[in-house]
Structure formats: C-alpha cells, structure tokens
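Reader: I would like to know how the labels on this structure are earned. Take me through the reasoning, step by step.
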Amino acid sequence: GGSLVASAYLGLGRTGDNAHLCNGDITVDPAYRRQGIGAALLKEVIDAADADGRSVFGTGTVQGHEAENFLKAMTLEQKLLDRRSRLHLDRIPSGLVDQWIADAVTRAQGYSLVVIDKKVQPEYRERFIGVLNAMNDAPRDGLDRDDEFVTLEQLDDWERQSEETGGEESTLVVVHDETGDFAGYTHIAWQPEHPVVLWQQGTAVMAAHRGHAIGRWLKAANLAKVIAANPEARFVDTWNAGSNKWMLAINDELGFSPYIWYTAWQGQVADIKAALATK
C-alpha cells in the first residue's frame with residue numbers, strides 16, 4: 001500500500017577523527033517486525049560501512065528494548081549506559097539558582113562570566129574551540145572511540161546550520177581573568193516552534209580550573225538567562241553517561257531526574273557481516 005514500515009540510517013563522520021567508526025539506526029514498525037526486515041536493512045548499512053572502510057559500527061537502544069536480543073545475535077556488545085534526564089523548571093529548589101550564582105563571588109574569584117553570541121565573536125573563536133574540546137574528558141566506559149577535536153570549519157558549519165534551522169541557543173563561558181583562558185562553557189538550545197522543551201547540551205570545565213564550582217555557576221547563570229528569554233519553557237532535557245558521577249551530582253542537585261536510559265552498542269563490522277551471512 002506504499003506505507004513506510006521501516007527505515008535505516010548510517011552516519012559517516014568526515015572530520016578526520018575516529019575514521020574507523022560509524023553509527024547507524026534501524027527502525028521497524030512493530031506490526032512488521034520478525035519478518036527479516038531489520039536484518040535486511042542492517043545488511044545494507046553494514047555493507048555501506050564496509051565499503052567506506054569503517055571497522056566499528058555503533059547504535060543505541062532504549063534499555064530493555066526487544067531489539068537488544070537482535071543486536072546481541074548480530075555480535076554487538078553493550079558499551080555505555082546513557083541517562084536522559086529531565087528538569088521541571090517549576091520544581092527547581094527555591095533560591096538554588098540564585099545561590100549558585102552568588103557562590104561564584106567567593107568560590108570563583110578571579111574568573112568572569114562571558115556571553116557568547118549566536119556566532120562566536122571573532123576574538124573568542126580559538127579559545128572557544130579549546131574549551132569545547134574539554135568534552136573529551138567525559139566518560140566513555142567501554143566505547144571504542146578516540147578523542148575528537150573541534151575545528152574552526154566545524155564551528156562555522158554548526159553556526160550555519162543553526163541559522164538555517166532557526167534554532168535559538170544560549171552559550172556562556174567562564175574566563176580566567178589573569179590568563180584570559182576559557183575555563184568552562186555551557187550551552188542550551190531550543191526551537192522557537194517548540195519552546196516548552198530546552199536542550200541542555202555540552203557543559204565542561206577545563207581540568208586546570210576545576211574545584212571552583214564553575215560548573216554550577218555556568219548552569220545556574222545560563223538557566224536564569226534562558227528562562228528570562230523564553231518564558232514558555234517548562235522542561236530542560238539532557239544526557240549524561242551513567243558513570244559521569246560528577247556532572248550527574250550537579251544535575252541531580254539542580255533537580256534533574258532520569259526518565260529514559262539508553263544503551264550504546266558497538267560491534268566489529270566484519271563480525272556483524274559474518275552474523276548476517278547466517279540469516
């Protein structure tokens with residue numbers, strides 16, 4: 001009848017980092033499962049990955065989903081448990097945001113808060129890329145993935161995409177006054193056509209500047225800024241590795257709570273090809 005019953009996606013990063021990796025996703029309408037459609041789509045994806053010289057394939061599932069058995073049969077292994085959390089803005093403990101901002105006066109002396117424009121100011125671009133790369137310190141657990149380093153070209157591309165899609169965002173950095181180094185950053189994004197949900201994306205503090213409650217300062221100050229700019233917002237969603245106890249402690253104190261757990265899976269392309277050949 002021409003209905004769409006399944007789809008597949010393969011992402012092949014061209015940044016030069018992790019050139020051995022690829023990531024994909026397969027979705028099959030529940031009414032059409034167990035008919036070999038998923039395996040057929042996976043074969044197409046894996047053949048394309050192999051043709052591109054990729055050796056490791058990754059995907060994800062909601063924890064406990066029936067697809068886990070299929071992935072295990074295809075030789076993929078669970079590597080990282082990812083927690084998706086939600087903050088109800090009307091449930092933030094009273095005065096907490098203001099307290100975290102006030103704490104910065106004493107705990108983060110010698111640091112200043114700076115607003116990053118939608119297009120990062122020219123004088124900040126090199127330093128901003130440096131602080132973005134602090135995300136490489138986030139736990140990866142068993143994932144086969146090397147460090148990835150943002151380039152000026154990627155930053156240009158992200159800004160172009162944001163402009164084209166009409167997205168809104170708020171980015172703050174903390175600067176070390178003495179050196180001018182960027183000590184940490186945080187970023188929240190949302191779509192004007194769906195202003196109820198905000199997406200808390202990266203937050204990171206450079207190793208040399210930890211221990212001054214900079215992460216709490218950044219999160220609190222950006223929340224206050226975004227709520228003022230988008231009064232329709234009701235929720236903030238974010239993701240963290242389940243093993244990232246440091247960032248989860250900040251999020252939990254702020255009022256985030258888990259509502260979905262995702263599992264990241266990886267497998268060797270050659271092994272998956274061999275498993276598919278038996279189907």
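Author: Start with the rings. This is a predicted model. A search of the whole structure finds three aromatic pairs.

Reader: Why is the pair of Phe128 and Tyr185 called edge-to-face?

Author: The angle between the planes of Phe128 and Tyr185 is 80 degrees. Edge-to-face needs over 60 degrees, so the label applies to this pair. The centres are 6.1 Å apart, and the limit for a pair is within 6.5 Å.

Reader: What makes this pair a tie between separate parts?

Author: Phe128 belongs to helix α4 (residues 125–132), while Tyr185 belongs to strand β7 (residues 182–191). The two parts are 57 residues apart in sequence, so the pair ties them together. Both Phe128 and Tyr185 are buried.

Reader: Why is the pair of Trp199 and Trp239 called stacked?

Author: Their planes make an angle of 10 degrees. Stacked means under 30 degrees, so the pair of Trp199 and Trp239 qualifies. Centre to centre, the rings are 5.4 Å apart. This pair also links distant parts of the chain: Trp199 sits in strand β8 and Trp239 in strand β9, 40 residues apart.

Reader: Is Trp199 buried or exposed, and how do you know?

Author: Neither label fits. Buried means under 20% and exposed over 50%. Trp199 has 27% relative accessibility, so Trp199 counts as partly exposed. Trp239 has a relative accessible area of 35%, so Trp239 is partly exposed too.

Reader: Now the sheet. What is the order of its strands?

Author: The order is β1-β2-β3-β10-β4-β9-β8-β7-β6-β5, in an open sheet of 10 strands with mixed pairing.

Reader: What makes β1 and β5 edge strands?

Author: β1 (6–11) and β5 (111–116) each pair on one side only. From one strand to the next, the twist averages 25 degrees.

Reader: How do you know that β3 and β10 pair?

Author: Pairing takes at least two bridges. Seven bridges join β3 (residues 56–62) to β10 (residues 257–268), so the two count as paired. They run antiparallel. Gly60 has Ala264 as its bridge partner in β10.

Reader: How many bridges does β4 form with β10, and how many with β9?

Author: Nine bridges join β4 to β10, and seven join β4 to β9. β4 runs antiparallel to β10 and antiparallel to β9. Asp82 stands opposite Tyr262 in β10, and Leu87 opposite Val236 in β9. Helix α7 (residues 245–254) lies across β4 (77–88), β8 (194–205) and β9 (235–241), at about 155 degrees to β9.

Reader: How do you know that the length of α1 agrees with the expected span?

Author: At 1.5 Å a residue, the 15 residues of α1 should span 21 Å. The end C-alpha atoms are 21 Å apart, so the values agree.

Reader: Which residues of α1 are buried, and why do you say they line one face?

Author: They are Gly38, Ala39, Leu42, Val45, Ile46 and Ala49. Seen down the axis of α1, the buried residues fall within an arc of 125 degrees, so they line one face of the helix. The face turned away from that buried side carries the exposed residues Glu44 and Ala51.

Reader: What do the buried residues of α1 pack against?

Author: They pack against β1, β2, β3, α2 (67–73) and α8 (269–277). Just after α1, Gly53 takes a positive phi of about 85 degrees.

Definitions and conventions: Residues are numbered from 1 along each chain as its sequence is written. This is a predicted model: local features need pLDDT of at least 70, side-chain atom pairs count only at pLDDT 80 or more; totals for chains, interfaces and linings use all residues. Side-chain values use heavy atoms; hydrogens and water are left out. Helices (H or I, at least four residues) and strands (E, at least two) are DSSP runs, numbered from the N terminus. Axes are lines fitted to C-alpha atoms, for helices over the stretch in contact, and angles run from 0 to 180 degrees between N-to-C directions. Contact means heavy atoms within 4.5 Å. The expected span of a helix is 1.5 Å times one less than its number of residues. Buried means under 20% relative accessible area, exposed over 50%, partly exposed in between (1.4 Å probe, protein chains only). The arc is that of the directions from the helix axis to the C-beta atoms. Rings of Phe, Tyr and Trp (its six-membered ring) pair if their centres lie within 6.5 Å; planes under 30 degrees apart count as stacked, over 60 as edge-to-face and the rest as tilted.
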